[in-house]
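Here's a quick briefing on a few side-chain pairings and one helix packing. Have the viewer open while you read.

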Amino acid sequence: MTKKRKRQDDFQKVKLKVGKKKPKLENATVTNFKTKTIHLPEQLKEDGTLPTNNRKLNIKDLLSQMHHYNAGVKQSALLGLKDLLSQYPFIIDAHLSNILSEVTAVFTDKDANVRLAAVQLLQFLAPKIRAEQISPFFPLALADGSSRLRESEGLQEQKENPHATSNSIFINWKEHANDQQHIQVYENGGSQPNVSSQFRLRNLVGGLGSVDEGLSSTENLKGFIEIIIPLLIECWIEAVPPQLATSVGNGVEREPLQVMQQVLNIISLLWKLSKQHDENHKLESWLRKNYLIDFKHHFMSHFPYALKEVTKHRRKETNKSIKHCTILSNNVDHLLLNLTLSDIMVSLANASTLQKDSNWIEMIRKFVTETLEDGSKLNSKQLNRLLGVSWRLMQIQPNREATESLIKAVYSLYQQRGLILPVRTLLLKFFSKIYQKEELRSYRFRYRSKVLSRWLAGLPLQLAHLGSRNPELSTQLIDIIQTAAARANKELLKSLQATALRIYDPQEGTVVVLPAESQQCLVQLIYFLPSLPADLLSRLSRCCIMGRLSSSLAAMLIGILHMRSSFSGWRYSVKDCLMSDVDYFSFLFSTLTGFSKEELNWLQSLRGVPHVIQTQLSPVLLYLTDLDQFLHHWDVTETVCHSLLVIPARSQSFDILQSAISKHLVGFTVIPDSTAGCILGVICRLLDHTCVLSETLLPFLASCCYSLLYFLLTLEKGEAEHLRKRDKLWGVCVSILALLPRVLRLMLQNLRVNRAAPEELPVVGQLLRLLLQHAPLRTHMLTNAILVQQIIKNITTLKSGGVQEQWLTDLHYCFNVYVTGHPQGPSVLNTVYERGTMALPV
């Protein structure tokens, strides 16, 4: 027999045969027993000595359930206890000690509902308990509450639910600490609900106590600090016992770390309050004398602190030598703890104590520098603490090398992309504060930080990139740039000059996309630019005429350019070529026309559209602008005209202007109505006895004048938008005709009515009648009486085939009244025509 066979014999399977009973198993359970019910009626009866609630539970049952592991049972016990005490108030006096000890034990329970039920129960009990009853139990409640601060999962839940209801308990400190201070403990912390702390002690100002009884005086504040600081240090020691101190270097668990954070938060608040009372730095010296040694021993011995995260592993990956792994993360808790501790410690040091404190100050400096340079994303609260510590370190050690290293570290954080607005704002304010501090130093001791200069030089480019994506941040950048430019910072002015074309681009530049307040600051910055080249002036002109800047800002811009020109009247001229006279006149003329060369060329192709007014008696057609553009152009022209008027050589500036008109406008067929009106107005304002008008310009002015008058006379009452232009355009037309009789004569000579359409004849007749009636023009009309007679005769001839219309009768009447002096009708006028000797074109 083989070995295999022998092994099989040891485990032979019992074969079952048909018809045979299955043999019983050796481990079979016997189930043929009988049971009987046990009745205990006496034990189910209610305890006659203690009252019960609706669930048949007495005070002992409910208090025992406070120790249950299930949070729901504990919450139910608290609610049941409140119900029982509301029905039987006499139980409170008999069991007050047990009630307070058990309820205070669940103050810091992990479950938020249990904590809330405990607070509600104490609020219910507070009015029902006298002060002398609760006074013996206050030390127990305070010690129990402080020792349980390490129960921190409730803190985490409050962070996850920042809108949790804030409940408060008032405790009379006078009865228990023998002074006059009233303390209010908030469930969610602070004088306002604060999600970052579970409990906080605060002085009641305007609450139970008055201002004099609170922490408003230095002595009261000192007394409170002397009481609370030892308790807080004890809490710190409980969180990190000395026997565990050796393992702190590997990280602190989450719960003790949160207790440490709350301790530092309270100390930080006390330090801030002390600064309000410390005008002479006496309180700062007192704090340093009493607490610096303890803080260094307990707080700084293992600085900085890190968070230990314990992660569970799968069984197959478990190693007996590795029971858990430690992860040092950039958790908010440990970073904020280290920053708060740094802020507390640096407030106890100053420049005179630097040598004594060099060891722990260097630890903080190293931590701050590494935090700024490690590329981690910081929120505004963390950064505010970090920058506060950095600023204090610069004050403690004001030498150039130490300050430059901190500024460099902050600048590395500033260069990160994607920073949120509050973070970017804090960084800008920090750099601005440093720059202003440097500028306030005397010139002898002032030194220019290279990093700060690099930061300033980069601001204009950042502003150009940012644009309107964040108007608030752009406004802050502009304020800093303006401050540095006003102080003639060379690096910034050089960068601003290089970026000016982008900032002042009329289409998408920063100056046209920001609100009016920021636009004004950018316009003011033009005054500080080192030079104003032609391409920049061209863009500034477009900004003025496109309506992207208001008329007041455009006027400010034109005024600033005049101040930087050679015509400003400064006694000492600028050595550098800031802006040439040719470029300045080009800017003024471009702004005067109101349209770019490309836009004017495009208008020449427009025919037969509603916006173009056509007439057979003038070679110039009018393009009707909308009212807003017209009024803006008119206002800007007023400023341009003023700039031209203050130039000393009036005749030279007039010659330059009319040369530009002849070169760039004469020859165009379609002219905007605002351009035509502004050109006529400027010529009227500039023309004096020293100016000689060009012969080539007269026909253009006459054509523009007739086209504008024709447009005004054909306006209908329904065109309200264009009716508002009437007074301005009529005024400049009458002024140019009264000032330049040759323009009036050329306009009358161009009225060849035989070429006019029949519907245009009444307009010509109305025009002549108005010119005759206008007093300033009457003398010039009498001078051209024979020319006017010929026009009227030609109109009469063209309308002789039918019944004479009323407008023609009125025209004859006005001519007879104002020219011949005999209102006798058409027959006399015909006699005058027959006697005329002047041959007129028809």
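D673 and K725 are both buried (under 20% relative accessible area with a 1.4 Å probe, protein chains only; exposed is over 50%, partly exposed in between). Their side chains meet in a salt bridge, 2.8 Å from N to O. Keep in mind that this is a predicted model: local features need pLDDT of at least 70, side-chain atom pairs count only at pLDDT 80 or more, and totals for chains, interfaces and linings use all residues. Residues are numbered from 1 along each chain as its sequence is written, and side-chain values use heavy atoms, with hydrogens and water left out.

**Salt bridges**

- A salt bridge here is a side-chain nitrogen of Lys or Arg within 4 Å of a carboxyl oxygen of Asp or Glu, and searching the whole structure turns up 10 of them.
- The D673 and K725 pair links distant parts of the chain, 52 residues apart: D673 sits in helix α29, and K725 in the loop between α31 (720-723) and α32 (726-739).
- Helices are DSSP runs of H or I with at least four residues, strands are E runs of at least two, and both are numbered from the N terminus.
- E638 pairs with R685, with the closest N and O atoms 3.3 Å apart.
- That pair also links distant parts of the chain, with E638 in helix α27 (residues 627-645) and R685 in helix α29 (residues 673-686), 47 residues apart.
- E638 has 40% relative accessibility, so it counts as partly exposed, and R685 is partly exposed at 40% as well.
- R650 and D688 form a salt bridge too, at 3.8 Å from N to O.
- R650 is in helix α28 (residues 650-664) and D688 is in the loop between α29 and α30 (697-713), so this pair ties together parts 38 residues apart in sequence.
- R650 counts as partly exposed at 23% relative accessibility, and D688 is partly exposed with a relative accessible area of 26%.

**Helix packing**

- The axes of α33 (residues 741-749) and α36 (residues 785-798) come within 10 Å and cross at roughly 20 degrees.
- That makes α33 roughly parallel to α36 (angles under 35 degrees).
- α33 passes α36 in a left-handed crossing (the near helix is turned anticlockwise from the far one by less than a right angle).
- R745, L748 and Q749 of α33 make the contact (heavy atoms within 4.5 Å) with L787, V788 and I791 of α36.
- The residues of this contact divide into four nonpolar, one polar and one charged.

Methods. Axes fitted to C-alpha atoms, helices over the stretch in contact; angles between N-to-C directions. Parallel < 35°, antiparallel > 145°, perpendicular 65-115°, else oblique. Nonpolar A, V, L, I, M, F, W, Y, C, P; charged D, E, K, R; others polar.
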